[in-house]
Amino acid sequence: MQNEVEPIKDQFGRVLKDLRISVIDKCNFRCTYCMPKEIFGEDYVFLSEKELLSFDEIVRLAKTFAKAGVEKIRITGGEPLMRKDLDKLISRLSEIPGINDIALTTNAVFLPKKAHKLKEAGLKRVNISLDAIEDEVFTQINGKGVVAKPVLKGIEAAQKAGLKIKINMVVKKGMNESQILPMARYFKGKDIILRYIEFMDVGNHNGWNFNNVISKKQIIDTINEEMPLEPAEENYYGEVASRYRYKDGEGEIGVISSVTDSFCGTCTRIRLSADGKLYTCLFASGGYDVRERLRDDISDSQLEEEITGIWGRRTDRYSDERSENKHKNRRKIEMSYIGG
Ligand code: SAM
Ligand code: SF4
Ligand code: SF4
């Protein structure tokens with residue numbers, strides 16, 4: 001069902017369409033570029049049960065967002081499958097009028113146990129993160145010594161359950177550029193879209209440096225040399241990945257080039273952290289504490305007004321401005337907290 005509400009626009013005329021909900025800040029992995037184990041160690045303090053938004057609170061917010069024009073919801077984390085009873089939340093979200101798409105981003109390790117239930121609850125799509133197909137590389141990246149097999153099993157389970165699948169691979173120089181071709185070869189012809197993601201300067205702990213970025217151009221050139229590609233048209237307005245088709249008809253790949261070819265002009269996304277802060281940009285340093293407003297008994301109409309105001313005042317375009325060095329020393333939220 002389409003939303004029939006007047007779209008709300010930010011200061012640059014961008015319409016609010018997508019809500020990303022982080023349901024937990026914990027994770028079973030310690031990917032070096034996201035939750036390095038030196039920082040997220042044994043004594044790291046994660047959010048407590050009380051600090052997390054409850055399902056009732058998440059659903060109430062999602063309903064308000066749907067009234068404000070949101071049509072798509074993506075569930076993320078941390079590792080979202082570590083949140084207990086996630087299928088129950090998805091089932092409630094899928095009943096909200098106006099929400100026509102629910103997706104999940106996951107490292108897939110828990111999918112064999114959960115994919116079927118999630119699909120039944122109304123989940124349509126999963127984006128599965130896999131940064132290498134060769135075990136020697138993957139075990140080093142995820143910080144837990146996990147080989148690729150459990151993730152591949154998760155992919156298989158999602159396929160069996162009838163979920164649409166995309167694979168996300170972050171490419172970082174010195175970490176896994178050796179995997180660009182092996183990953184392409186593995187997923188080509190399997191009806192699964194592999195998307196390469198440029199390493200981004202999210203958070204404060206991943207030691208980001210422009211020299212560690214493998215650009216969209218480098219990725220495409222590498223694949224094209226062995227498996228010829230041609231550009232494909234955008235599927236919908238604001239699609240973040242540039243699409244390329246294999247010339248032999250064996251499917252397509254995507255590249256998300258937030259660093260070398262940013263796309264802030266079409267950014268329709270708002271993000272809700274697991275403890276109820278709203279962020280209008282992935283690179284924001286501050287959020288709006290809606291959890292406190294909910295727990296203060298704010299009325300539905302007030303809540304809607306506040307959300308509309310937050311989006312209406314939005315001027316974020318961090319990736320477009322990255323090269324201008326405007327935000328050089330800014331402290332940013334962590335990816336594992338906001339969920340990408
Ligand atoms: N744990 C889940 C997973 O890995 O799919 C969901 C949360 S994770 C933070 C969401 C996505 O952000 C993953 O695909 C991950 O690879 C990506 N990501 C994390 N840090 C990143 C960075 N610095 N640059 C680009 N992508 C990043
Ligand atoms: Fe966990 Fe996902 Fe971050 Fe890896 S990328 S540490 S799986 S949240
Ligand atoms: Fe959207 Fe911020 Fe990313 Fe630009 S940098 S695309 S505004 S989230």
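Which residues are around ligand 3? The legends below take up this question first and then turn to the other sites of this predicted model.

**View 1. The surroundings of ligand 3 in the predicted model.** The residues around ligand 3 are Phe263, Cys264, Cys267, Arg269, Arg271, Cys281, Leu282, Phe283, Arg314, Asp316, Tyr318 and Ser319. Two elements, β10 (269–272) and α10 (318–321), give two or more residues each to this shell. Sorted by class, the shell around ligand 3 divides into 7 nonpolar, 1 polar and 4 charged residues.

**View 2. The shell around ligand 1.** Ligand 1 is surrounded by 20 residues, and the closest of them are Tyr33, Gly78, Ser129, Val170 and Met200. Three strands, β3 (101–106), β5 (164–171) and β6 (193–198), each supply at least two residues of this shell. In terms of class, the shell around ligand 1 holds 8 nonpolar, 10 polar and 2 charged residues.

**View 3. Polar side-chain atoms facing ligand 1.** A polar side-chain atom of Ser129 is placed 2.5 Å from an oxygen atom of ligand 1, and a polar side-chain atom of Tyr33 lies 2.9 Å from an oxygen atom of the ligand. On the side chain of Glu79, an N or O atom is 3.3 Å from a nitrogen atom of ligand 1. Of the 540 Å² of accessible area that ligand 1 has on its own, the protein covers 94%.

**View 4. The surroundings of ligand 2.** Around ligand 2 are the residues Cys27, Phe29, Cys31, Tyr33, Cys34, Met35, Gly78 and Asn107. By class, this shell consists of 6 nonpolar and 2 polar residues, with no charged residues. Tyr33 and Gly78, which are listed around ligand 2, are also among the closest residues to ligand 1. Gly78 has its place in the loop between β2 (72–76) and α2 (86–94).

**View 5. Residues annotated in UniProt.** Under "binding site", an unreviewed UniProt entry lists Tyr33, Gly78, Ser129 and Met200. Of these residues, Tyr33 is included in the lining of the second largest cavity. In the model, Tyr33, Gly78, Ser129 and Met200 are also among the closest residues to ligand 1. The UniProt annotation "domain: Radical SAM core", likewise from an unreviewed entry, covers residues 11–247. The C-alpha atoms at the ends of residues 11–247 lie 41 Å apart, and this span is 31% helix and 19% strand.

**View 6. The largest cavity.** A search of the whole structure finds 2 cavities of 30 Å³ or more, and the largest cavity contains about 40 Å³ of space. The lining of the largest cavity is made up of Lys166, Ile193, Arg195, Asn235, Glu239, Ala241, Arg243, Glu252 and Gly254. The strands β6, β8 (241–246) and β9 (252–256) each supply at least two residues of this lining. By class, the lining of the largest cavity has 2 nonpolar, 2 polar and 5 charged residues. Strand β6 also supplies at least two residues of the shell around ligand 1.

**View 7. The second largest cavity.** The second largest cavity holds about 30 Å³ of space, and the residues that line the second largest cavity are Tyr33, Cys34, Val202, Gly203, His205, Asn206, Glu334 and Met335. By class, this lining has 4 nonpolar, 3 polar and 1 charged residues. Tyr33 and Cys34, which take part in this lining, are also among the residues around ligand 2.

Notes. Residues are numbered from 1 along each chain as its sequence is written. Chains are lettered from A and ligands numbered from 1 in the order in which they are written. This is a predicted model: local features need pLDDT of at least 70, side-chain atom pairs count only at pLDDT 80 or more; totals for chains, interfaces and linings use all residues. Side-chain values use heavy atoms; hydrogens and water are left out. A residue is near a molecule or strand if one of its heavy atoms lies within 4 Å of it. A polar contact is a pair of N or O atoms within 3.5 Å; within protein, one must be able to donate a hydrogen and the other to accept it, and residues adjacent in sequence count only if both atoms are side-chain atoms. Accessible areas come from the Shrake-Rupley method with a 1.4 Å probe; for residues, only the protein chains shown count as cover. Helices (H or I, at least four residues) and strands (E, at least two) are DSSP runs, numbered from the N terminus. Ala, Val, Leu, Ile, Met, Phe, Trp, Tyr, Cys and Pro count as nonpolar, Asp, Glu, Lys and Arg as charged, and the others, Gly among them, as polar. On a 1 Å grid over the protein atoms alone, a cavity is a set of points where a 1.4 Å probe fits but cannot get out, and a pocket is an open set with protein on both sides within 12 Å along at least five of seven lines; lining residues have an atom within 4 Å of a point. Grid points are joined across faces, edges and corners, and a volume is the space filled by probe spheres set on the points. UniProt positions are given in the numbering used here, feature names are shortened, and annotations may be inferred rather than shown by experiment.
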